Amino acid sequence: MNKKSARISTALALIALPVAATSACSGGDESVEPATPPAPPPEEEAAQYSVQLGPRPYYLVEDMDEGELKEALLACSEGSFERTDFSIGHRGACMQFPEHTRESYEAAARMGAGIVECDVAFTKDRQLVCRHAQCDLHTTTNILAIPELAEKCSEPFVPADAEAGTPASVKCCTSDITLAEFKQLCGKMDSANPDATTVEEYMVSTPAFRTDLYATCGTLLTHADSIELFSSLGLKFTPELKAPEVEMPYEGDYAQEDYAQQMIDEYKAAGVDPKSVFAQSFSLDDVLYWIEKEPEFGAQAVYLDDRVDTPEGYETAVSGMQSLADQGVKIIAPPLFALVTLDKNEKIVPSEYAEAAKAAGLDIITWTLERSGPLASGGGYYYQSVVDGIDNDGDTMVMLDVLARDVGVRGVFSDWPATVTYYANCMGL
């Protein structure tokens, strides 16, 4: 059966969300002013429909330690809830839906995300598609289950060898296949089994805190498809230009600048207001290119900062904030842990990085909430700077509160946008 005929899209049911989140209730220390989110689209562009958050935000609030923040969030429990640009769908809603698929994006919209992300990579025929990395098709799609496409992968599947102590390996890239071939794939939950001795074992390895319930055959999209979909849903856009994993210029004549320009050109061709687009990159050169060559888009370009992954890089980032601002960068986006630390009472507080960014006049967006699994185990990468200050899932809301009211971030990426939407509506963001 053709996979498209077997799929009933819910796009028509997802009429665009209401504009501009308003406060369902207020709570906490009102002397601390949260950052102002980006302006919503004009009212005539977005029709009304009901945001649905599901049970998870309520579970997190109930799991919080007793206190004023919990009381404030409980007081908001009956809504109503509206879309907010403070809530950013990270690859859609990929905690439970295959990332960068139509279904994941629609779920993020339904959960009140005002901005949704398409990570951008290119195919063999230089078409832009939504994938988290140029070479992740082996973990995020069913390409290995389609022999005629699997044989085109950069590196074929090699089973794990327990005796030699080598893990299973394979590498499949968007640049290995054409757009027509890409469209044959189904999205799956991002995962791989390093101990696999067969392709089937390699593909079936979704983490326990996620689910395959909605991963029957995720619909992959081009970047242009995502623009059309997000526009129809009344959403804003935050495309990330992914670092190429092939030598650039690709095939000798497709340079990094061509790639960066092509992404912006697709918004211009669709008639999208530049103020609704928050182009991102981990490469400062990409951000500076947009600032110089496409200033209307560059004005809200986002520099994703992973320098903080090493102590030396963290110090470089802190000391270099003013230099970024002087070059025209307006928005910086580090991972959660870089923005917070613990005080002497093991309370989560803004970090030196957060203070330096604010002193330089930079706006801050951060990533990624709801990507860590249960917090009782420490929270992993995203909570590494505050491990001793967290011990339950309810601390997700504590972290969010510090980011919003103490650090002053303008938006938070989340794998499950409902959590951020709930908090933002309660706090009037």
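**Stop 1: C153 and C172**

Select C153 and C172 in this predicted model and look at the bond between their sulfur atoms. The torsion about that S-S bond is about 95°, so the disulfide is right-handed. The two sulfur atoms sit 2.1 Å apart. Now colour the chain around them: C153 is in the loop between α5 (147-150) and β5 (155-158), while C172 is in the loop between β6 and α6, so the link ties together parts 19 residues apart in sequence. Turn on the surface and you will find that both C153 and C172 are buried.

**Stop 2: the other disulfides**

How many disulfides does a search of the whole structure find? It finds 4. Select C135 and C173 for another of them, with an S to S distance of 2.0 Å. This link is right-handed, with 100° about the S-S bond. C135 belongs to the loop between β4 (128-130) and α4 (137-140), and C173 to the loop between β6 (169-171) and α6 (179-182), so the pair joins parts 38 residues apart in sequence. C135 and C173 are both buried.

Next, pick C186 and C217, a disulfide with its sulfurs 1.9 Å apart. Is this link left-handed or right-handed? With -65° about the S-S bond, the link of C186 and C217 is left-handed. C186 lies in strand β7 (residues 186-187) and C217 in the loop between α7 (199-203) and β8 (218-219), so parts 31 residues apart in sequence are tied together. C186 counts as buried at 11% relative accessibility, and C217 does too at 16%, because buried means under 20%.

**Stop 3: a pair of rings**

Leave the sulfurs and show the aromatic side chains. The structure holds 17 aromatic pairs. One of them is F122 with Y259, an edge-to-face pair at 5.1 Å centre to centre and 80° between the planes. F122 is in strand β3 (residues 119-122) and Y259 in helix α9 (residues 256-269), so this pair ties together parts that are 137 residues apart in sequence. F122 is buried, with a relative accessible area of 1%, and Y259 is buried at 1% as well.

Now move to W367 and Y382. Their ring centres are 6.2 Å apart and their planes meet at 80°, so this pair is edge-to-face. W367 belongs to strand β16 (residues 363-369), and Y382 to the loop between β16 and α15 (395-407), 15 residues apart. Both W367 and Y382 are buried. Add F282, F337 and Y381 to your selection: together with W367 and Y382, they form one aromatic cluster.

**Stop 4: helix α15**

Select α15 next. How many of its 13 residues are buried? The helix is mostly covered, with 11 of them buried; among these are M397, L400 and V407. Just after α15, click on G408, which takes a positive phi of about 85°.

**Stop 5: out to the surface**

For a contrast, select E292 in helix α10 (residues 284-293). E292 is exposed, with a relative accessible area of 59%. Draw a distance from its C-alpha atom to that of Q327: the two are separated by 10.0 Å, though they are 35 residues apart along the chain.

**Last stop: the whole view**

Zoom out. The protein has 16 helices and 17 strands. Of its 429 residues, 56% are buried. The protein exposes about 17,500 Å², and carbon and sulfur atoms supply 51% of that area.

Technical notes
Residues are numbered from 1 along each chain as its sequence is written. This is a predicted model: local features need pLDDT of at least 70, side-chain atom pairs count only at pLDDT 80 or more; totals for chains, interfaces and linings use all residues. Side-chain values use heavy atoms; hydrogens and water are left out. Rings of Phe, Tyr and Trp (its six-membered ring) pair if their centres lie within 6.5 Å; planes under 30 degrees apart count as stacked, over 60 as edge-to-face and the rest as tilted. Helices (H or I, at least four residues) and strands (E, at least two) are DSSP runs, numbered from the N terminus. Buried means under 20% relative accessible area, exposed over 50%, partly exposed in between (1.4 Å probe, protein chains only). Accessible areas come from the Shrake-Rupley method with a 1.4 Å probe; for residues, only the protein chains shown count as cover. A disulfide is a pair of cysteine sulfur atoms within 2.5 Å.
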